[in-house]
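Open your viewer and keep the selection box handy. We will go from one residue to its surroundings, and then on to other stops.

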Amino acid sequence: MSIEKYNFSEKNILQFDTSRHQLAITTQGLQVYYGNKHALVDGDLEFERYRITSLIGASGSGKSTYLRSLNRMNDNVAKVEGKILYRGLDVNSSKINVYEMRKHIGMVFQRPNPFSKSIRANITFALKEQGLKDKKKLDEIVEVSLKDAALWDEVKDDLDKSAWSLSGGQQQRLCIARTIAMKPDILLLDEPASALDPISTSKIEETLVELKKRYTIIIVTHNMQQASRISDYTAFFHMGHILEYGKTKNVFTTPQIKATNDYISGNFG
Ligand SMILES: Nc1ncnc2c1ncn2[C@@H]1O[C@H](COP(=O)(O)OP(=O)(O)OP(=O)(O)O)[C@@H](O)[C@H]1O
């Protein structure tokens with residue numbers, strides 16, 4: 001398939017045939033440099049569709065660098081080499097329309113960052129920018145997205161209140177709702193609960209486990225309990241290398257290498 005600029009639309013990318021394609025996204029030979037700093041040395045991973053994969057490892061090991069490369073958040077910040085294969089296209093190609101691609105591969109950041117707008121407008125803003133005007137349709141997307149992010153019951157009577165009136169945990173679920181309103185295939189989350197209290201954290205975790213029925217989720221986390229509670233697969237990063245990858249249960253109970261064992265048992269990092 002040729003990759004021309006602006007062709008990242010549904011009709012131009014491969015449709016998933018779930019009987020044949022089990023992988024949502026794959027990276028091959030991904031390497032990232034910040035100037036002379038070789039922050040990601042060998043980023044080869046495959047992400048199974050409709051699963052949660054945790055990226056774990058000590059501070060500075062390259063987890064966020066890897067995650068942010070998956071939807072080109074490192075453009076203009078770092079040099080990214082290698083392939084990111086998604087539905088027949090290389091996301092890392094200079095010919096990709098990054099704006100369109102991010103509708104398919106969405107990201108939620110560490111700190112909740114709702115727009116300074118109403119709860120409703122946080123969800124409808126990008127949709128309206130894209131030309132969706134039908135109020136009924138917009139209302140429907142607001143409701144479905146907030147329900148999917150497990151926030152609807154808490155905010156349904158306050159949709160026109162400022163998003164900033166919400167608690168940190170609610171703001172983060174609003175950011176998840178805002179991202180899934182674009183109907184992405186893949187959700188990237190960079191420590192989405194690290195700034196939240198334990199109750200908000202467990203709500204986010206429950207939400208993610210529900211969401212994996214329809215989305216492929218890749219999450220950076222420092223919280224080992226969180227990784228083992230919610231993820232199907234875990235990748236262990238160490239000094240820019242992905243040293244271990246496998247089913248979460250196996251990585252946590254029978255790690256294959258000492259560095260993984262040391263990290264998950266708290267001996268370093
Ligand atoms: N914008 C940047 N400019 C220069 N160096 C950077 C930049 N971002 C990250 N790095 C460096 O790249 C390496 C990997 O950082 P990265 O943030 O990916 O690690 P991490 O495993 O996600 O760490 P943490 O868990 O602390 O977020 C580190 O040495 C970091 O200092």
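Start by selecting Asp148, which you will find in helix 4. A word before going further: this is a predicted model. Is Asp148 buried or exposed? It counts as buried, because it has 20 C-beta neighbours inside 10 Å, and the cut-off for buried is 20 or more. Now show its contacts: setting aside neighbours within four places in sequence, Asp148 is in contact with Ala177, Ile180 and Leu211. Add Ile176 as well and draw a C-alpha to C-alpha distance; Asp148 and Ile176 are 8.8 Å apart in space and 28 residues apart in sequence.

**Helix 6**

Next, select residues 168-180, which make up helix 6. Try a distance between its end C-alpha atoms: they are 18 Å apart, which agrees with the 18 Å that 13 residues should span at 1.5 Å a residue. Colour the helix by burial and you will see that helix 6 is mostly covered, with twelve of its 13 residues buried. Among them are Gly169, Arg173, Ile176, Ala177 and Ile180. What do the buried residues of helix 6 pack against? Their partners include helix 3 (119-129), helix 4 (135-148), strand 7 (186-190) and helix 7 (198-211).

**The nonpolar core**

In soluble globular proteins, nonpolar side chains tend to be buried together. Here, the largest nonpolar core has 63 residues, and those that touch the most other members are Leu55, Ala177, Leu188, Ile217 and Ile218. Helix 6 gives the most to this core, with five residues. Centre on Leu188 next: not counting residues up to four places away in sequence, Leu188 touches Leu67, Leu70, Asn71, Ile105, Gly106, Met107 and Ile218.

**The ligand**

Now move to the ligand and show the 13 residues around it; Tyr34, Ala39, Ser59, Ser64 and Thr65 come nearest. Two elements give two or more residues to this shell, strand 2 (37-48) and helix 1 (63-70). Which one provides the largest share? That is helix 1, with three residues. Colour the shell by class and you get four nonpolar, seven polar and two charged residues.

**The annotated span**

To finish, zoom out and select residues 25-264, the stretch that an unreviewed UniProt entry annotates as "domain: ABC transporter". Its end C-alpha atoms lie 26 Å apart, and the span is 38% helix and 27% strand.

Note on methods. Residues numbered from 1 in each chain as written. Predicted model: local features only at pLDDT ≥ 70, side-chain atom pairs only at ≥ 80, totals over all residues. Near = placed C-beta within 6 Å. Helix = DSSP H or I, 4+ residues; strand = E, 2+ residues; numbered from the N terminus. Nonpolar A, V, L, I, M, F, W, Y, C, P; charged D, E, K, R; others polar. Core = buried A, V, L, I, M, F, W, Y, C linked by C-beta atoms within 7 Å. Contact = placed C-beta atoms within 7 Å. Expected span 1.5 Å × (residues − 1). UniProt positions renumbered as here; feature names shortened; annotations may be inferred.
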